[in-house]
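I sat down with this chain and a fresh page today. Here are my notes, in the order in which I looked things up.

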Amino acid sequence: MDHLSADQLATIKQAYPLSRTVMRPVVGAGHPLATVRQPVSTHELEPHVQLVLSDPVDPAGQNYGLASARLWRFADLNRRYDFVLAGFGWCRMPEHLFADALGDGRLVELVIQDDTAPRDGLTIFAAHARDRVLGPGATHLLSALRKRFAA
């Protein structure tokens with residue numbers, strides 16, 4: 001399964017892929033990287049702050065797509081979005097969340113040379129632990145999510 005560690009897989013009884021979300025590297029319009037009009041190398045990204053999401057339960061957990069030596073970690077996607085808009089660093093954001101800011105010029109999409117991030121996006125899963133049987137509410141929610149994302 002996409003991007004699940006062996007430890008995560010060991011604790012999962014069932015994982016249901018719901019959808020995919022495309023992640024694109026973006027930077028606030030006032031950030032120095034916003035003026036670069038050519039593909040940026042990872043060497044050029046290294047000195048700039050990268051705003052990354054961390055699992056609040058396991059902040060030392062697995063990382064994906066790191067290119068900077070300076071990381072600021074966030075447990076909340078919305079706070080990270082505020083920081084990238086304010087020009088404090090760059091990050092990869094779900095495409096659907098930044099479309100308006102990209103369209104009105106508040107954000108600029110970066111093109112990264114030899115970017116290893118999956119261009120087709122990341123899979124979003126619904127999953128539950130092996131030792132937890134789903135109750136009626138969770139079963140209904142899972143069913144509704146699978147139907148909604150299947151459309």
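**Entry 1: Ala101 and its surroundings**

I started with Ala101, which I found in helix H4. This is a predicted model, so I keep that in mind throughout. Was Ala101 buried or exposed? I noted Ala101 as buried, because its relative accessibility is 0% and the cut-off for buried is under 20%.

Next I listed what Ala101 touches. Setting aside neighbours within four places in sequence, I wrote down Tyr81, Leu85, Arg106 and Leu107. For Leu85 I also looked up the spacing: Ala101 and Leu85 are 16 residues apart in sequence, and their C-alpha atoms are 8.3 Å apart in space.

**Entry 2: The core**

Ala101 sent me to the largest nonpolar core, which has 11 residues in all. I copied out the members: Val26, Val49, Leu51, Phe74, Tyr81, Val84, Cys91, Met93, Phe98, Ala101 and Leu107. Which elements give two or more residues to this core? My list reads E3, H3, E5 and H4. Apart from it I found another core, of 10 residues, including Leu33, Val40, Trp90 and Ile112. As a reminder to myself, nonpolar side chains in soluble globular proteins tend to be buried together.

I then picked Met93 from the 11-residue core and checked its contacts. Not counting residues up to four places away in sequence, Met93 touches Val22, Met23, Arg24, Val26, Leu77, Arg80, Tyr81 and Phe98.

**Entry 3: Helix H3**

H3 was worth its own page. This helix covers residues 77–85, and I marked Arg80, Tyr81 and Val84 in it as buried. Why are these three on the same side of H3? They cover an arc of only 105° around the axis, so they share one side of the helix. I then asked what covers the buried residues of H3, and my list includes strands E2 (23–28), E3 (49–53), E4 (70–74), E5 (90–94) and E6 (107–109), along with helix H4 (95–103).

I checked both ends of H3 too. At the N-terminal end, Asp76 acts as a cap, with a side-chain oxygen 2.8 Å from the backbone nitrogen of Asn78. Just after H3, I noted that Gly87 has a positive phi of about 85°.

**Entry 4: Two prolines**

Pro25 sits in strand E2. I put Pro25 down as buried, as its relative accessible area is 2%. Which residues does Pro25 touch, not counting those up to four places away in sequence? I wrote down Trp90, Cys91, Arg92, Val108, Glu109, Leu110, Ile112 and Asp115. From that list I took Glu109 for a distance: Pro25 and Glu109 are 84 residues apart in sequence, yet 5.9 Å apart from C-alpha to C-alpha.

Pro39 was next, in the loop between E2 and helix H2 (42–45). I logged Pro39 as partly exposed, at 39% relative accessibility. With residues up to four places away left out, Pro39 touches Glu44, Val111 and Gln113. Pro39 and Gln113 are 74 residues apart in sequence and 5.3 Å apart in space, C-alpha to C-alpha.

**Entry 5: Two loop residues**

I found Ala69 in the loop between E3 and E4. Ala69 is exposed, with a relative accessible area of 60%. Its C-alpha lies 7.6 Å from that of His48, which is 21 residues away in sequence.

Asp114 is in the loop between E6 and strand E7 (122–129). I flagged its positive phi of about 50°, since Asp114 is not a glycine. Asp114 also counts as exposed, at 72% relative accessibility.

**Entry 6: The chain as a whole**

I finished by stepping back. The chain has 5 helices and 7 strands, and I sketched their order from the N terminus as α-β-β-α-β-β-α-β-α-β-β-α. Of its 151 residues, 32% count as buried. About 9500 Å² of the chain is exposed, and carbon and sulfur atoms supply 55% of that. Among contacts with a separation of 6 or more, 64% join residues 24 or more positions apart.

How confident was the predictor? The mean pLDDT is 85, with 83% of residues at 70 or more. Confidence is highest in E6, at 96, and lowest in helix H1 (residues 6–11), at a mean of 65. Where pLDDT is low, the predicted coordinates should not be read in detail.

Definitions and conventions: Residues numbered from 1 in each chain as written. Predicted model: local features only at pLDDT ≥ 70, side-chain atom pairs only at ≥ 80, totals over all residues. Heavy atoms only, no water. Buried < 20%, exposed > 50% of the residue type's maximum accessible area, 1.4 Å probe, protein only. Helix = DSSP H or I, 4+ residues; strand = E, 2+ residues; numbered from the N terminus. Arc of directions from axis to C-beta. Contact = heavy atoms within 4.5 Å. Polar contact = N/O pair within 3.5 Å; in protein donor to acceptor, adjacent residues only side chain to side chain. Core = buried A, V, L, I, M, F, W, Y, C linked by side-chain atoms within 4.5 Å. Areas by Shrake-Rupley, 256 points an atom, 1.4 Å probe, with all protein chains shown as cover. pLDDT = per-residue confidence, 0-100.
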